[in-house]
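Hi there,

Here is the structure I promised to pass on. Have a look at it first, and then read on for what turned up.

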Amino acid sequence: MSDEVWAPAACTLPAASRPPRVAEFDELFAAGARHRPERTRLVLDLEPRPEIAARAADLAVRETGCCSFFTFALTASGGALSLAISVPAEHVAVLDALEAR
C-alpha cells in the first residue's frame, strides 16, 4: 500500500511517525472483526475489555490530531465494544486502504 493512499496531503503527521502509527492500526485491527456498513464508514467489533477501549480511544484522539477528516465513535454497550471510523466521501480511498490492512 502506498503512503500516498494511506496518508493524503491533508495528513499532518510527520512521515517518520507514519509507520509506527500504521502498526498501531494494524494491531487494533488484528484484535477484532470489521465490517463496512457504508462506503464512508468502517466498524471494528473489538473485544470488550477496558485496555482495548483505552487503546482505541487513545489512537482515535491522536489520529484526529493529524488527520482531522476522520471521525471516530467508540461505543461500549450491552457487553460489546465497537469503533466506527468515518470519512468524508473525498477521503474514502484512505478508508479503503485502512480496511485492506
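A quick one to start: is Asp58 buried, partly exposed or exposed? With a relative accessibility of 40%, Asp58 counts as partly exposed, because that class lies between the 20% and 50% cut-offs. Please keep in mind that this is a predicted model.

Asp58 pairs with Arg62 in a salt bridge, and their closest N and O atoms are 3.0 Å apart. Both sit in helix α3, four residues from each other, so about one helical turn separates them. Arg62 is partly exposed as well, at 29%. Salt bridges with shared partners tie these two into one network with Arg21, Glu24 and Glu63.

Within that network, Glu63 and Arg21 form a salt bridge at 2.7 Å, N to O. This pair links distant parts of the chain, with Glu63 in helix α3 and Arg21 in helix α2, 42 residues apart. Here both partners are buried. The whole structure has nine salt bridges; one of them joins Glu47 and Arg49, at 3.1 Å between the closest N and O atoms.

Now for the nonpolar side. The largest nonpolar core holds 24 residues, and Leu44, Leu46, Phe70, Leu83 and Ile85 have the most contacts inside it. Two or more residues each come from α2, β2, α3, β4 and α4, with α3 giving the most, five. Beyond its neighbours within four places in sequence, Phe70 touches Glu63, Thr64, Ile85, Ser86, Val87, Val94 and Leu98. Glu63 thus appears both among the contacts of Phe70 and in the salt bridge with Arg21.

Best wishes

How values were computed
Residues numbered from 1 in each chain as written. Predicted model: local features only at pLDDT ≥ 70, side-chain atom pairs only at ≥ 80, totals over all residues. Heavy atoms only, no water. Core = buried A, V, L, I, M, F, W, Y, C linked by side-chain atoms within 4.5 Å. Buried < 20%, exposed > 50% of the residue type's maximum accessible area, 1.4 Å probe, protein only. Contact = heavy atoms within 4.5 Å. Salt bridge = Lys/Arg side-chain N within 4 Å of Asp/Glu carboxyl O.
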